[in-house]
Each structure stands twice: as C-alpha cells, then as structure tokens.
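Biologist: Could you walk me slowly through this assembly, one part at a time, and explain each term as it comes up?

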Amino acid sequence: MEEKTEGALPRPEIEEDSCKGCGRCVAACPKKCLSIQEHMNRMGIRPVGYVGTGCIGCAMCFYNCPEPYAIKVVKP
Amino acid sequence: MTKFVKSNEAVVMGALYAGCDLYFGYPITPASEIAHGAAKWFPMLGRTFVQAECETASVNMMFGAAGAGKLCMTATSGPGFSLMQEGISYLAGAELPAVIVDVNRAGPGLGNVYPEQSDYTPAVKGGGHGNYQTFTLAPASAQEMCDFTIKAFQMAAKWRTPAVVFADGLQGQMMEAVELPDAELPRPDFSEWAAQGEPATRRNLVKSIFLDAAAQEVFNEHLQRKYEDMAADAMAETYLAADAELIIVAFGIASRVARTTAETLRRKGLKVGVFRPITLNPFPRERLAAAAKGRKIMTIELDAGQFADDVRLNLAKAGLGAEAANVMMIHRMGGQVVTVDDAVKAAKMILGK
Amino acid sequence: MKTIEQKGMYQKFPRSGKDTRVTHYCAGCGHGIVNKLVAECCAEMGLQDQTIFVDPVGCGVFTYYYWDAAHISAAHGRASAAATGVSRARPDAVTIAYQGDGDLGAIGFNNAFQAASRGEKFGCIFINNSLYGMTGGQMAPTTLEGEKTTTTPFGRDPALTGHPLHVCEVFNQLQAPVYIARVSVADTKRIMQCKQAIKRLFEIQRDHKGYALLEILAPCPTNFRMDPLKAAEFCKNEMEAEFPLGTFRDVDKGVTPEAIGAQHQASAALEVKSVPQVASCAELFGVSDGVDAPPAEDDPSVPERRFKFAGYGGQGILSLGICVAEAARLEKRHTLWFPSYGPEQRGGSASCSVVVSGTPIGSPTVEHPDVLVCMNQPSYERFVGDVKKGGIVIVDASVPITKQPPEGVKLYQVPAIQMAEDFGVPKAANTMMLAALRAFKATGLDDAHLETALCASFKKKPQLVEKNRDLLHRAEAALLNN
C-alpha cells in the first residue's frame, strides 16, 4: 500500500484486498479525495485509493463501506 | 409421596423434578393437560411457560432456549408433531437437548383424538430431514410418564439430542398412582457449548449449518457414531418370557394388553410371554434377539404395522432372519384398541391351539 | 492518535475453511453496512459478553462469522421464535434477532408478529431490501409495485400479488412493543441515523424494556441489477416512497401512537392474579390430596374388578369414578381411571372406567365391566350388554329398561336423581349412586374408604364435605330400607 500522507493530517488507510470496489466511499467522501484505482487487487477488483490529500477524518468512507476491514481512518 | 394423577400431569411433574426450566407449547387434544399443568406449575416454581402461536413456534422456541443452555420441553400430538419435525431436525443438527412429548392420536390428517401408535416412524426414526435420530422412550403407565420424562431429560443432556416421550391418547388421559421422586435433579452445565449471554460463553456458536461438504460429512459421521453409542442406554423388559413358545412384542399401552393376554393364555396352559422395548430408539435389539430366538413372534400394535416392520428389521439385523420372516401382527387403527379377547384368539391361532 | 476502524467483529472470518477478512456480501450490499454498525454498537456499549445474536436464514445467515458475540443460528423464518426461547431462558442477556424480508416478512411473519404482540424482550433487526437476496432475487412481500424480480419478470402486479407489506406499520398496531422504527443505509446521513437507532435497540435490550423492531431499508445491487450507487439511489427514492422512514414508537421517549392507547380498554371485571410461589417440587406436590393413599401392594388373592360409570356431563360421573378409584388406593390396590374425552365429552355424554386389582393392571380398557353405573338412557343402552356374567348394573330409576341386562347380571334401579332433588341438592346425584354402590356391596371396597374418598373429592369446597357425608348416610339408609 502506497500512500502519500503528510505529517499529522488525517488519512484513510485502505486494505486493498478487502475492497470490493463498490464506490460507496468515493461517492460519500465530502472532499472527493478517494478514487477507484487502475490496478487490481488479489480478487481481480480495482480497489479504492486515497488521492493523497484532502482527508478531514470524517470517516464517512468507513461508514458507507460495507466491508469491515477495507477502510479505516487514522486521525493523528 | 404418591399422587393419583392423569398421566399427562405426571409428565409435567417429571419435567419439573428433572430440572426443566421452560415449557413451550400449543394445545392439542389429547395432550392439552400437559400444557394445563405446565401453565400452572412452571410459574409457581419461578419457571417459564409460554403458549406458542403454533407448534412450529414451540419447537423453535425450544431451539432458542436449549441453545441458551436451559432444559426445555414441549408436548403435542400427531398434527403438531408433524409440524415440529423440521425443528427437531434442527435440534438434532445443532446437537441440542430438548424433550418432546407426543401423545399419539389417530391419523392421518385430522384423524381423531383417540389412541394410535401411528407416529411410530417420525417418533422413532427421525421424522424430519437429514441423517438424524432421536432418543425415544415409550411409557405405558402414569408412573412411567413421570419417570421416562425425567429419563428423557437425562438422555437428552447426556447425548446432546432431542428426546421423544412417545405416548398415546389412552395413557395420556388415564389416571394412576404416581410415586414422585425424592429430590429434584441438579441442572446440567452446558456452558461448554451454549450461548448463555455470559463472558465465558461469548465465543459459543449454536448452529446446524456446515457449508463445506467435507465438514458436513464429518459431522454426520460423528452423529452416526453417537447414535451407535446410544445403544448402551437401550431399555427393555420381559414378562413370562423365559420358557415361552410365543413371544408377544409390544410397546407402550399395547404392552399392557400384551401382558394381560399372556396372563390369560398362561391360565389356559399356553406358554406365552411378552417382550417390551422401553426405548424404541435405541432399539433393544440384542435383548429382543435373546428373548425371541427360536420362538414364535406376534406383535400387538395400534398402527398399520410400522412397529412390526421395525421388529422384523431388528431381528434380521441380529441375525434372526427366520424369526423375522415369521413375525405375525394383530393391530387396530383409528383409535380402536386391540382387545385382550382378540389378542388371545390371534395368539392361539399362531400356536395352533 | 485516534483511529476510526471496525469494532466488535472478529479479525478473521473463517468461512468455508478460508482465512479471509472479507464478508460474503456483494459489493455495495446494505447488509454489510448494517453488520458493521451492529458490531460497532455492541462493542461501544460494552455488550459483547452478554449479547446473544439469533441469526436468520437468508443473506444474513453468516453474521456469526463476523460479530464477536454468542450466536444461535435459527431455522428459516424462526429467528423470532428462537429469540423468544433465548430471551426467556436468559432474561439477563441482550437478545438480538436479525431477519430479512423472507425470514420475517413471509415464512416467519406470524412468529415475529406474535413475539412482538407478547412483548418478548428482544430486539429484532429487519433488513428490507425489497426482495429475496440469497435465493436469487425473487419477489418478497416487500417488493415494490412494478418492481422486477425473478418471479415478477414483468414487474410486481398488485392485482395478482398484492401490495408491499409495511411491517412497521402493521406491528405498530400492537400494544406491547416499546420501540418501532424504520431507517435506511442509502447514504451517509441515513447511515448515521441508522447507527443511532441500532444503539437505541441495544439500549432497550440492555435495560430489558421490552420488544423493539428496527426495519432497515437496504440496497441489494446484485438483485436490483444496478451498480452500487444506483442501488443506493433506488433505495432512497423508490423504496422510501413506499416505506417512509421514521420512529413510529419509542415509548420511553414519549413517542407513542395515539391510537394504541385508545384501543386498549381492559375490562374492569377481569384481573391478573399474582402467581403463588413455592420453593421446590416437594413443596408444590407435597400437598395432601385428602386421600394420602400409600403405594399399591401386590396381593394376588384380590381379584381384578372393572367398573364403568356413564351418564351425561354435569352429573358427576367422572368424579364418582375417581371416588371409587381413590377408595381402592386406600386399600393399597393397583388402580386405574380412564375417562371418555374429546368431542365425545363435549357432546354431553360422559363416561369413565375404573380398574381395581391386587396385581399390576395390564390392559387399561374396560370392555366387560363387573359393575356398570348408568345415569341416563343412552349410556344404559350403550353399555348394559357388555356387563360380565355375575356383574351388577345400577341404573337411575328415571331410565326406562328398554333392554334387559345379560343373563346372570343383577340390575338395581336407584332413584338417584330424584333422591338428590328431594334432599334439596340436585347436584349430589352421584353421591346417591355412591350410596347405592355401598348399599349393594358393589365395589368390594371398604365403606369407610369410600367415605374418605368422597370427602376428599370436595377438598376444594370444604363446606360441602359434611353435607355430602350426611347425604351419603341418609341415602344409604333409605336404600337399605327399601
């Protein structure tokens, strides 16, 4: 997992192999800082990824995600 | 303490002494007195009585209560027993102890409320889906309705299986003296597997589902081994059988007709005895074989011959093929009870006298 | 540092033997969102140790792989019945049933509805995704009008299949539930409202307040045949139009439908009595029955005697039989009493038989009685021909002797009904018959035992004991004088 987070800002952490690529988090993110990626995970699904900036730690992605472990939000 | 009570009430007394904490049931003649007794006595002892909306609900309430680690029971008759079969299969599949009392009435369909033993197959062979059996006891008196209900709870707990007390409308309604137990049994501890809502049981899971075919097969093999082991608790009794030329094989209320028939024929100098299976599953096969070997055999039953077929099967499995082939039967259906007169005539015919 | 992550779930979900961390739900499934919230609420409230989840059959079947708490996996449709059993067995636990449209809305509707009506103390989470998911997208009772499913390929036609079932609104007609609400997981706002509602459901169960129903509208992208975002839109727009969100009832928070209170009009004439409590079976059953007979003893010298008592209901036929049986028990005899029952009994006629023996009783049926007591004409005509040679028939004098007893059977005509009326106690005709049984030495039992048994039969009406004892003596004297 490659992330370009900066210092002490909040960020989503994505477990790509748990993502089913449904896009609910992408639609829910108020800052539009999530997107479906080009590459595929182990299941052959294109997982969501963090664009690298803009996360405010609201965790809407986490609550909209139907998978328990695909996304968590870290607020330093 | 000796009480003169209806057999159906004796069931409730036995259940309470056995430590049964919950009763779930839907009324049906001729089993309703069990619900009446439970409705009155369970709450007086601080235990739970729930009148369910149907027998399907009763048996699934038992699934919940047994899954939560408590002894529970229901009582019903033919049509209600049919409705419960799916739930009994789930109880067996989740290896849950629970007691079902079937006070057999005449069928099929609505039939009538008079005694039959025609639920034999579902009561003895596992009437629902899948490879399961129940521990099935057949009482023949009010005393045994009490005692075997207690025994049913013990066996259900010991073997983690649904147990059936298989009675009939006649004995459900009759009153006899019952000697009550001296003491109540202690509650068994099911915390190893039950979902009790306590820290120690938090990771317990009660289920009958095995998604994986291989795991389901392993579980089925485990069940079948358990059923084989249950044979250690098979029960039977014999009466005047040692020198008998003719053995009458009968269970439940029919075994009492058999007893009087044998006594009547003995008075006429004919050597007739009785073999009575007390547990119908596990069937006391070895004891039957010992009592029946080389003898003439006649069953008395209140069904179409389901029991006689099971006697034949057990004799054949015990290596007594010749005896199995010659099992004769006298039976009545529709709520009629075989009379001693008729049974005596049939026995004499078989003996050529 | 604070991390917002899943709580209350197992770290691994070993489904089918695989060591996965992914659920079995399809991409964008509403179940997944709800499952996460349920686990989170249970954990945040510290209730995992005491919660027992009752899992359904349907898409929710595998919640036991996810939620870190005890589970009972119920039969299809029966989660509410099983949850009833669980909550009754473990009143201190938090019992939560999880059900879907088929499980609750169709096959198990009555079980869920009756549990709600009884006010069972469990919380029911009902996932409404408007169709059957697990079995392949068939119509559910909740399917929308015009909605295409695999069994409504042209859209649900209300003329053929009725209208969508509104579970909350139906349950809201009941008196007992304390909480009924409908929420959704179609978007962020709704998901957060859903979380509050699930929390409320747990609170109510933690505090053992009563039955709670939470209906959750959930998208099923796979069977809607839509991508997850369109499915969520469908859930929000089409489903909510049919199934409006809201809290229908939260009794503790003052949300109560007006109509419910108005409907409830308990009769002042009827009341619930408190249940007398006893400490043990011995205390419960150790109470004297007024007879206190010893256990039977074998005495082969005592011949078996079979009795039949017959008449119509209300004449005390059954208790007359019990009287004779109890007297026999006082003599340590083996004794059996058996009544006519079922529709036969409701038709007005009543009969019972009694067997008394010095040895264990075999066949319980009385085909050929030694003693027949009849109190009306139909019972006399029905049974008189069966009486054994050397036997006795006692019949009420009002019965015309249209049929003679078999040869060698003695017939006594006793004006039992008339005597009871003359004594001013018309209900005591059976006591008159007992007097006749004593006077004619018909029972083979000790007179004193018959009298003790008669008195014991009035245990619940002690004021009648002496009256009947007196009647017994007067009737017997009258009969012996004739």
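**Domains, chains and sheets**

Modeller: The domain assignment of chain B, which like all domain bounds here comes from an automatic or database domain assignment, gives domain 1 (2-232) and domain 2 (235-351). This is a predicted model, in which local features need pLDDT of at least 70 and side-chain atom pairs count only at pLDDT 80 or more, while totals for chains, interfaces and linings use all residues. Residues are numbered from 1 along each chain as its sequence is written, and chains are lettered from A and ligands numbered from 1 in the order in which they are written.

Biologist: How many residues of domain 1 of chain B are in contact with domain 2 of chain B, and how many Å separate their centres?

Modeller: Two residues are in contact if their C-beta atoms, placed from the backbone, lie within 7 Å. By that rule, 25 residues of domain 1 of chain B touch 23 residues of domain 2 of chain B. The centres of these two domains, taken over C-alpha atoms, are separated by 27 Å.

Biologist: How many helices and strands are there in chain B, and why is it said to be as compact as a globular protein of its length?

Modeller: Helices (H or I, at least four residues) and strands (E, at least two) are DSSP runs, numbered from the N terminus, and chain B has 13 helices and 16 strands. The radius of gyration is taken over C-alpha atoms, and the globule rule is 2.2 Å times the number of residues to the power 0.38. Chain B is as compact as a globular protein of that length because the rule gives 20 Å for 353 residues, and its radius of gyration, close to that, is 20 Å.

Biologist: What percentage of the residues in chain B is buried?

Modeller: A residue is buried if 20 or more other C-beta atoms lie within 10 Å of its own, exposed if 12 or fewer, and partly exposed in between, with C-beta atoms placed from the backbone. Among the 353 residues in chain B, the buried share is 61%.

Biologist: Which chains share the most contacts, and which helix of chain B gives the most residues to that side?

Modeller: Of the two pairs of chains in contact, chains B and C share the most contacts, with 67 residues of chain B touching 62 residues of chain C. By class, the side of chain B that touches chain C has 36 nonpolar, 16 polar and 15 charged residues, where Ala, Val, Leu, Ile, Met, Phe, Trp, Tyr, Cys and Pro count as nonpolar, Asp, Glu, Lys and Arg as charged, and the others, Gly among them, as polar. With eight residues, the element of chain B that gives the most to this side is helix H3 (residues 55-67).

Biologist: Which strands stand at the edges of the open sheet of eight strands?

Modeller: Two strands pair if DSSP finds at least two bridges between them, and this open sheet, with mixed pairing, has the order S1(B)-S9(B)-S12(C)-S13(C)-S11(C)-S14(C)-S15(C)-S16(C). Two of these strands each have a single partner strand, so one side of each is left without a neighbour in the sheet; they are strand S1 (2-6) of chain B and strand S16 (410-414) of chain C.

Biologist: In S12(C), what is the bridge partner of Glu176(B)?

Modeller: Strand S9 of chain B pairs with S1(B) in the antiparallel sense over five bridges, and Glu176(B) in S9(B) is the bridge partner of Val5(B). S9(B) also pairs with strand S12 (residues 334-339) of chain C, in the antiparallel sense over two bridges. There, the bridge partner of Glu176(B) is Leu336(C).

Biologist: In chain B, which residue of S13(B) is the bridge partner of Glu237(B)?

Modeller: An open sheet of five strands in chain B has the order S11-S13-S12-S15-S16, with mixed pairing. S11(B) and strand S13 (residues 272-277) of chain B pair in the antiparallel sense over four bridges. The partner of Glu237(B) in S13(B) is Arg276(B).

Biologist: Where does chain A come in, and which residue in S1(C) does Val73(A) stand opposite?

Modeller: No contact joins chain A and chain B, whose closest C-alpha atoms lie 19 Å apart, whereas 22 residues from chain A and 24 residues from chain C take part in a contact. Strand S4 (residues 71-75) of chain A and S1(C) pair in the antiparallel sense over three bridges. In S1(C), the residue opposite Val73(A) is Ile4(C).
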